[in-house]
Protein chains: 2
Amino acid sequence: MHIAITGAAGFLGQRLVNQLLARGQLDGEAITRLTLIDQVEAPKPDVKGVEVECLALDITSPGALDPVLDERPAVIYHLAAVVSSAAEADLDLGMAVNFDATRELLEGCRQRELSGTRLVMASSVAAYGGDMPVVLDDMTALHPQNSYGTQKAMCELLINDYSRRGLVDGRVLRLPTIVIRPGRPNAAASSFASSILREPLAGEQAICPVPVEQELFVMSPAKVIDALVHAAEVLGESIGAFRALMLPGITVSVSEMLEALREAAGDEAVARVRHEADPRIQAIVSGWPARFDTEKSRELGFTGDRDFKEIIDAYISESR
Amino acid sequence: MHIAITGAAGFLGQRLVNQLLARGQLDGEAITRLTLIDQVEAPKPDVKGVEVECLALDITSPGALDPVLDERPAVIYHLAAVVSSAAEADLDLGMAVNFDATRELLEGCRQRELSGTRLVMASSVAAYGGDMPVVLDDMTALHPQNSYGTQKAMCELLINDYSRRGLVDGRVLRLPTIVIRPGRPNAAASSFASSILREPLAGEQAICPVPVEQELFVMSPAKVIDALVHAAEVLGESIGAFRALMLPGITVSVSEMLEALREAAGDEAVARVRHEADPRIQAIVSGWPARFDTEKSRELGFTGDRDFKEIIDAYISESR
């Protein structure tokens with residue numbers, strides 16, 4: 001089986017590559033070929049029996065993915081995206097990467113009659129917004145309040161239509177906030193959600209810019225990767241009349257996150273978190289939905305984290 | 001005030017032109033200029049004090065609307081579209097007319113900093129679909145099961161984002177099924193909804209392809225035009241966090257429609273309707289949502305028809 005991955009050098013892309021290689025198969029078929037696509041060349045894993053090609057290319061350049069599609073991959077993971085802060089800062093860039101490149105990918109599949117190719121795209125909780133009910137579900141309208149969410153919602157519609165027309169076999173997962181991300185704090189409004197755990201666990205200070213009552217809808221990196229793998233294995237038609245769904249994250253408040261930190265690493269870890277309100281971040285984060293009924297994705301076999309303790313314990317054991 | 005209208009030669013476009021000219025003003029400002037745009041040149045109304053320009057152009061041709069936008073219209077009605085059957089038959093055509101041309105219009109406004117220009121677009125009940133609740137509202141997800149609805153839903157998202165960013169002042173109305181349309185039966189699945197009334201009233205036979213229990217969500221042409229006028233007059237911000245809403249149609253079954261026909265034109269009119277099941281049309285129409293909670297649009301001052309008798313009476317008096 002030939003699998004192509006855009007955004008393969010990124011955080012999720014790299015973990016997905018490792019997971020696929022560790023499994024060796026997808027949907028019962030041996031993985032024989034991986035095409036890893038990103039702006040910069042992804043690190044090339046050396047695995048016996050798997051032909052790996054790492055391509056550095058700009059997916060917004062017309063026809064950039066043609067050589068990949070010509071090879072008729074059985075599965076395409078489309079993870080490449082401009083993040084929300086960048087899409088908000090530059091509308092043209094966001095439209096080009098997040099929307100137009102996805103459309104070109106769909107068109108490329110259509111032109112080559114890759115109707116059986118399973119296209120898995122990552123969408124986001126950021127596609128929700130506006131006057132939402134307390135508990136959201138897959139029938140809650142997407143009224144995004146940011147350009148990133150708008151572009152993702154448009155891609156969902158297009159992938160659904162191309163799938164309905166039998167031009168490709170699309171599946172879109174709306175990802176919860178991913179916690180705990182590795183690395184350093186960044187400009188994302190969600191950065192603190194990883195930072196207030198990751199930094200104290202490393203003996204460093206962190207700032208919490210939101211009230212401890214703030215709730216988030218979160219999922220661990222490991223469960224997101226499991227979901228991406230599973231998304232390529234479920235039957236497209238089983239997803240129902242719309243090819244996008246929300247993954248089963250868990251709802252957790254900042255105080256519950258800090259309590260889990262205390263259990264895992266003691267009072268001194270929690271003491272490293274300084275509470276310093278940031279009205280700009282609060283305004284963004286308070287608009288994020290935190291409670292979802294994800295019955296649909298659970299029925300399809302997607303699984304989430306059991307509780308926040310599991311998330312933090314997994315991070316600690318991975319980081320060792 | 002300068003108003004530009006795309007799709008101006010169409011059924012709604014022509015009625016809108018007449019209504020605007022009859023009013024003479026919009027939002028308290030005298031209408032001094034109309035630019036009527038369509039594939040074919042719209043009939044030129046001769047009204048004193050209003051400069052009317054009729055342009056025959058292809059809005060899918062790059063830059064086609066530039067000269068219009070250079071004149072900085074205060075209001076743009078964007079009614080031009082490829083209908084659902086045509087968009088389903090030709091994906092490229094539907095994407096070009098229904099989506100790309102709208103995007104180019106938005107970009108044209110952005111480039112000229114027409115942030116105050118009120119852009120009114122017609123969307124459709126066809127944007128809903130899939131596993132819907134019994135009663136829908138503005139928070140029901142759009143899961144379109146046809147390419148026309150997909151393209152309209154994508155435009156809604158884009159217009160909302162451009163409005164949120166202050167690049168244009170957009171408003172999108174989701175139109176119910178319009179009954180009674182004038183003219184002849186056509187290939188649209190909804191054609192029967194007008195046909196089973198219009199033809200008998202004209203002493204002709206008509207075919208009803210769906211069970212009489214079938215419900216539809218309908219609005220008269222006159223009320224749709226009132227809504228288009230009102231849409232340009234409401235304050236953009238008052239629409240809320242998402243710039244699209246469903247108009248307050250009324251729910252009516254085919255048997256209720258035929259009963260209203262009987263009241264208006266007697267048993268002999270109803271006898272001209274032959275019931276001949278058409279599984280293809282039934283399959284399409286049965287997937288249309290028929291019940292909506294339209295509190296939001298009513299609160300904003302949009303009004304619907306009182307009952308179906310009012311719709312049929314208005315048609316009869318207009319046709320005289």
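These legends accompany several close-up views of a predicted model with chains A and B.

**Figure 1. The interface between chain A and chain B.** Welcome to the meeting place of the two chains: 38 residues of chain A are in contact with 38 residues of chain B. Together the two chains bury about 3200 Å², and carbon and sulfur atoms account for 55% of that area. Polar links are here too, with 24 residue pairs in polar contact across the interface, both partners at pLDDT 80 or more. Which helices of chain A each supply at least two residues of the side that touches chain B? They are H3 (84-89), H4 (91-111) and H5 (147-164). H5 of chain A gives the most, with 10 residues. Sorted by kind, the residues on this side of chain A are 19 nonpolar, 8 polar and 11 charged.

**Figure 2. A salt bridge from chain A to chain B.** Side chains of opposite charge can pair when their charged atoms come close. Between chain A and chain B there are 6 salt bridges. For a look at a pair of this kind, find A:Glu88 and B:Arg164, which form a salt bridge with their closest N and O atoms 2.9 Å apart.

**Figure 3. B:Met154 and the largest nonpolar core.** The largest nonpolar core holds 90 residues. Which of its residues touch the most other members? They are Ile59, Phe99 and Met154 of chain A, together with Ile59, Phe99 and Met154 of chain B. B:Met154 makes a good place to pause: leaving out residues up to four places away in sequence, its contacts in chain A are A:Phe99, A:Met154, A:Leu157 and A:Leu158. In chain B, by the same count, B:Met154 touches B:Met95 and B:Phe99.

**Figure 4. B:Arg243, an arginine in a loop.** Look for B:Arg243 in the loop between helix H7 (221-233) and strand E12 (244-246) of chain B. Is this arginine buried or exposed? B:Arg243 has a relative accessible area of 9%, so it is buried, the cut-off being under 20%. Setting aside neighbours within four places in sequence, B:Arg243 is in contact with B:Asn160, B:Ser163, B:Asp169, B:Gly170, B:Arg171, B:Val172, B:Gly236 and B:Glu237. With B:Gly236 there is a polar detail to find: its backbone oxygen lies 3.2 Å from a polar atom of the B:Arg243 side chain.

**Figure 5. B:Arg262 in helix H8.** This view turns to an arginine in a helix, B:Arg262 in H8 (residues 254-270) of chain B. B:Arg262 is partly exposed, at a relative accessible area of 32%. Not counting residues up to four places away in sequence, B:Arg262 touches B:Asp267 and B:Val270. The side chains of B:Arg262 and B:Asp267 make a polar contact at 2.7 Å. To place the helix residue against another part of chain B, note that B:Arg262 and B:Ile316 are 54 residues apart in sequence and 13 Å apart in space, C-alpha to C-alpha.

**Figure 6. A:Arg291 and A:Glu215, a pair within chain A.** Over all chains, the count comes to 46 salt bridges. One of them joins A:Arg291 to A:Glu215, with the closest N and O atoms 2.7 Å apart. The pair links distant parts of the chain, 76 residues apart: A:Arg291 is in the loop between helix H10 (279-285) and helix H11 (295-299), and A:Glu215 is in strand E11 (residues 215-219). A:Arg291 is partly exposed, with a relative accessible area of 38%, and A:Glu215 is partly exposed at 24%.

**Figure 7. B:Arg33 and B:Glu71, a strand tied to a loop.** The side chains of B:Arg33 and B:Glu71 meet in a salt bridge, 2.9 Å from N to O. B:Arg33 lies in strand E4 (residues 33-38) and B:Glu71 in the loop between helix H2 (66-70) and strand E6 (75-78) of chain B, so this salt bridge ties together parts 38 residues apart in sequence. B:Arg33 is buried, with a relative accessible area of 17%, whereas B:Glu71 counts as partly exposed at 41%.

**Figure 8. B:Glu204 and B:Arg184, a pair between two loops.** B:Glu204 and B:Arg184 form a salt bridge, their closest N and O atoms being 3.2 Å apart. B:Glu204 lies in the loop between helix H6 (191-201) and strand E10 (206-208), and B:Arg184 in the loop between strand E9 (177-178) and H6 of chain B, so the pair ties together parts 20 residues apart in sequence. B:Glu204 counts as partly exposed at 32% relative accessibility, and B:Arg184 counts as exposed at 55%.

Definitions and conventions:
Residues are numbered from 1 along each chain as its sequence is written. Chains are lettered from A and ligands numbered from 1 in the order in which they are written. This is a predicted model: local features need pLDDT of at least 70, side-chain atom pairs count only at pLDDT 80 or more; totals for chains, interfaces and linings use all residues. Side-chain values use heavy atoms; hydrogens and water are left out. A nonpolar core is a set of buried Ala, Val, Leu, Ile, Met, Phe, Trp, Tyr and Cys residues joined through side-chain atoms within 4.5 Å. Buried means under 20% relative accessible area, exposed over 50%, partly exposed in between (1.4 Å probe, protein chains only). Contact means heavy atoms within 4.5 Å. Buried area is the accessible area (1.4 Å probe) that two parts lose on being put together, summed over both. A salt bridge is a side-chain nitrogen of Lys or Arg within 4 Å of a carboxyl oxygen of Asp or Glu. A polar contact is a pair of N or O atoms within 3.5 Å; within protein, one must be able to donate a hydrogen and the other to accept it, and residues adjacent in sequence count only if both atoms are side-chain atoms. Helices (H or I, at least four residues) and strands (E, at least two) are DSSP runs, numbered from the N terminus. Ala, Val, Leu, Ile, Met, Phe, Trp, Tyr, Cys and Pro count as nonpolar, Asp, Glu, Lys and Arg as charged, and the others, Gly among them, as polar.
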